[in-house]
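Student: I would like a close look at one helix packing in this model, taken residue by residue, and then placed in its wider setting. Could you take me through it in one connected account?

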Amino acid sequence: MSNEQGAGRPVKPRVGLFVTCLVDLMRPTVGFAAVKLLEDAGCKVVVPAQTCCGQPAYNSGDRTTAADIARQTIAAFEGCDYVVAPSGSCGGMLIRHYPELFAGEPDMAIRAERFAAKTHELVSFLTDVLGVTRVAARFEGTVAYHDSCSGLRELEVKAQPRRLLKSVEGLTLVELDEAETCCGFGGMFAAKYGELSNAIVARKADDVRKSAAGTLIAGDLGCLLNMAGKLQREGSPVRVRHVAEVLAGMADGPAIGEPEIKP
Amino acid sequence: MTVVATTPRFKGNVHDALTDARLQGALVHASNFAGRRALAAARLPEFEALRDSARAIKDHTLAHLDLYLEAYERKVVETGGHVHWAEDAEAARRIIVDLCKRRGAKTVTKGKSMISEEIGLNAALEAAGMAAVETDLGEYIIQLRGETPSHIIAPAIHVTKEDVEREFRKAHLDRPADRDLSQPEQLLAEARAELRAKFMAADVGVTGANFLVAETGTSIIVTNEGNGDLTQILPRVHIVIASIEKIVPTLEDAAQLLRVLARSATGQDASVYTTLSTGPRREGDKDGPSEYHVVILDNGRSAMLGGEFEDMLRCIRCGACMNHCPVYQAVGGHAYGWVYPGPMGAVLTPSLIGVAEGGQLPNASTFCGRCEAVCPVRIPLPKMMRHWREREFERALSPAAQRYGLRFWAFFAKRPTLYRFATGLFTRALHWAGRKKGRFASLPLAGGWTDYRDLAAPERATFQSQWRAKSGAVN
């Protein structure tokens, strides 16, 4: 196992993939796409046993459970140079909110700060930390990128995915009028306030329809499941994918919510 | 007599709002405040720095609030005015109704004031036999409609031009029935003519305050219609009603806050009228009231000092948070069910009426964070909504199904091996059930989702199980 700590960045950094519970359960392709992107950029990828970042508890007011899960996650990734998540929402939880959970525990607070400092959202890690400027992928089609809220506002992920998407051969990038407006997912919110969430995602679907995009992508599977589910319910032909699939050149399989392709 | 909260039936309110075609049409065509704010912020290079200094001014004031409130009172008295302290809504109503009654007031004109809404002042004045007349155009319209404001700076944002015409025809019966009211200018001219008579007849004028300046004993209001000026200058008595956190130390501080207020609210560099009032008319003054009163309301705010909701007291009521909120934009302000809508209302309402009554509001947020991103005084609104959820969770006020569901999930989430096993089985079963279509149009226990959207089926086995199989379970 390589764990060489140089003066700056390790030569072949050991990156722990925090795959996120939604990708783990619903769309493993995104996880494998993340692995490919990280390995192509020269990383050694490991996947410590993990569950969830704890947001369902944290955002439901259950700090104790959220802190228990945070402790478990921090310990699991102890041996990694970096922790990378293909999600701005889970990334935001790990980076911005874990340290807030241990206000009364100085030892844990320091560990949470250290953990936060080495943790990144996938695309911004590739560009901002590893200095990746282009990817070797092809994707034929017109694509709109939706800025998921946590990635955008907690982690300032905005230009990075667009920069890499523009390097994908055959891909035309268009902007949504309201790219920075929430899709209405909000985790448990989508089920707890289904009717309200639906009204918000309906506006997003309108916005997508008004654009020329044949494919909608974003960096968070939660938002993607929500937008895909709405577009499909309305009979829209727009296909929905995670940005990692497109960047890794792994967007040839079924899009989100589509059946498996019969051989 | 205080406004009765319908907040506990928030979900019903949301349903009503979403199925009200007229309201939905009005919301879509509402002014583009967000776009205008973005332009105003971009035009002013020091806008972000001004937000920092606005926050610092408010934080400093809140840290020394007692001092500045007392200094303010001394100055008001020095300039010939009177200060009345009201601990709650009932006390504030009593003070104002008594002041009006003792002066034999028949007509009370009013500038726009959310505090007046909070204490239910109009109903109290009416019950005491006085006519309360709202003079802000939006407020005048909703008063005719028997409604409360649906936005803190644009109270009639939920009303269309056609609605206004209908109300005016119903209310202004001494005007020709065949008059043309199809243009906004015609509606405006008619409202202006109607209100002019009220301004002249008023015995008492009540205004709110955007700022109370400790240094000079001055109250400041901003309006775009000039109605505030006529409300406070023409009657014999001017009563200002404001809450304790409206205080700022100096005129310089107020000027700094004014620079972020209008830009954040409507995208204007400054509101059309910024009016400063200090004491009653002095010898030699050409106009002004002969009596000047300030009623300072607490109504639960001092209890927020020093606690996790103190930051909320920085709020300068610009409305930027609701102008950028996907929830507010979808349902409008009335669905929130009490006085203050939008993200600021979602934090403030439980503070003022209790979390048992107001708890729905901080839950009904996606935590998209856009409110905090545009707040001129950088109030961490999502964080405080989460704090309310924590208070609810501690007191087991959240729905039982949610608490048990969370406990069930947490049991697995805290046990990675068991979790991997359980999610592996679950995912495989769901994948198998959804393999033909790739998604579900309905699914037991997932109605909150599938009533409105399809749900993608899991692709195949979980990532973790596939990874372990591939890598021989080395990590």
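Tutor: The place to begin is the pair of helices α10(B) and α11(B), where B:Lys161, B:Val164, B:Glu165 and B:Phe168 of α10(B) are in contact with B:Pro184, B:Leu187 and B:Glu190 of α11(B). Sorted by class, the residues of this contact are four nonpolar and three charged, with no polar residue. This is a predicted model, and for chain B the average pLDDT is 95, with 99% of the residues scoring at least 70. For the complex, the predictor reports an ipTM of 0.95 and a pTM of 0.95.

Two packed helices are described by the angle between their axes and the distance between the axes. For helix α10 (residues 161-171) and helix α11 (residues 184-201) of chain B, the axes come within 11 Å and cross at roughly 35 degrees, and the crossing of α10(B) and α11(B) is left-handed.

A second helix pair of chain B can be set beside this one. Helix α16 (residues 342-353) and helix α20 (residues 381-394) of chain B have axes that come within 9 Å and cross at roughly 35 degrees, and α16(B) passes α20(B) in a left-handed crossing. Here α16(B) contributes B:Pro343, B:Met344, B:Ala346, B:Val347 and B:Pro350, while α20(B) contributes B:Leu381, B:Met384, B:Met385 and B:Trp388. The contact of α16(B) with α20(B) has nine nonpolar residues, no polar and no charged, whereas the contact of α10(B) with α11(B) has three charged residues beside its four nonpolar ones.

From these helix pairs one can turn to the contact between the chains, which takes 56 residues from chain B and 60 residues from chain A. On the side of chain B that touches chain A, helix α22 (residues 416-434) of chain B gives the most, with six residues, and the residues of that side divide into 24 nonpolar, 16 polar and 16 charged.

Across that contact, the domain assignment of chain A gives domain 1 (14-128) and domain 2 (134-247), and the C-alpha centres of these domains of chain A lie 22 Å apart. Their contact takes 29 residues from domain 1 of chain A and 23 residues from domain 2 of chain A. Among the elements that give two or more residues to the side of domain 1 of chain A that touches domain 2 of chain A are α2 (28-40), α5 (88-97) and α7 (122-129) of chain A. By class, that side of domain 1 of chain A has 13 nonpolar, twelve polar and four charged residues.

Chain A also has an open sheet of four strands with parallel pairing, in the order β6-β5-β7-β8. Its edge strands, each pairing on one side only, are β6 (169-174) and β8 (239-242) of chain A, and neighbouring strands of the sheet are turned by 35 degrees against each other on average, direction ignored. Strand β5 (residues 138-145) of chain A runs parallel to β6(A) and is joined to β6(A) by five bridges, with A:Gly141 standing opposite A:Leu171 in β6(A). Helix α12 (residues 221-233) of chain A lies across β7 (215-218) and β8 of chain A, and α12 runs at about 175 degrees to β8(A).

Definitions and conventions. Residues are numbered from 1 along each chain as its sequence is written. Chains are lettered from A and ligands numbered from 1 in the order in which they are written. This is a predicted model: local features need pLDDT of at least 70, side-chain atom pairs count only at pLDDT 80 or more; totals for chains, interfaces and linings use all residues. Two strands pair if DSSP finds at least two bridges between them. Axes are lines fitted to C-alpha atoms, for helices over the stretch in contact, and angles run from 0 to 180 degrees between N-to-C directions. Two residues are in contact if their C-beta atoms, placed from the backbone, lie within 7 Å. A crossing is left-handed if the near helix is turned anticlockwise from the far one by less than a right angle, and right-handed if clockwise. Ala, Val, Leu, Ile, Met, Phe, Trp, Tyr, Cys and Pro count as nonpolar, Asp, Glu, Lys and Arg as charged, and the others, Gly among them, as polar. Domain bounds come from an automatic or database domain assignment. pLDDT is the predictor's confidence in each residue, from 0 to 100.
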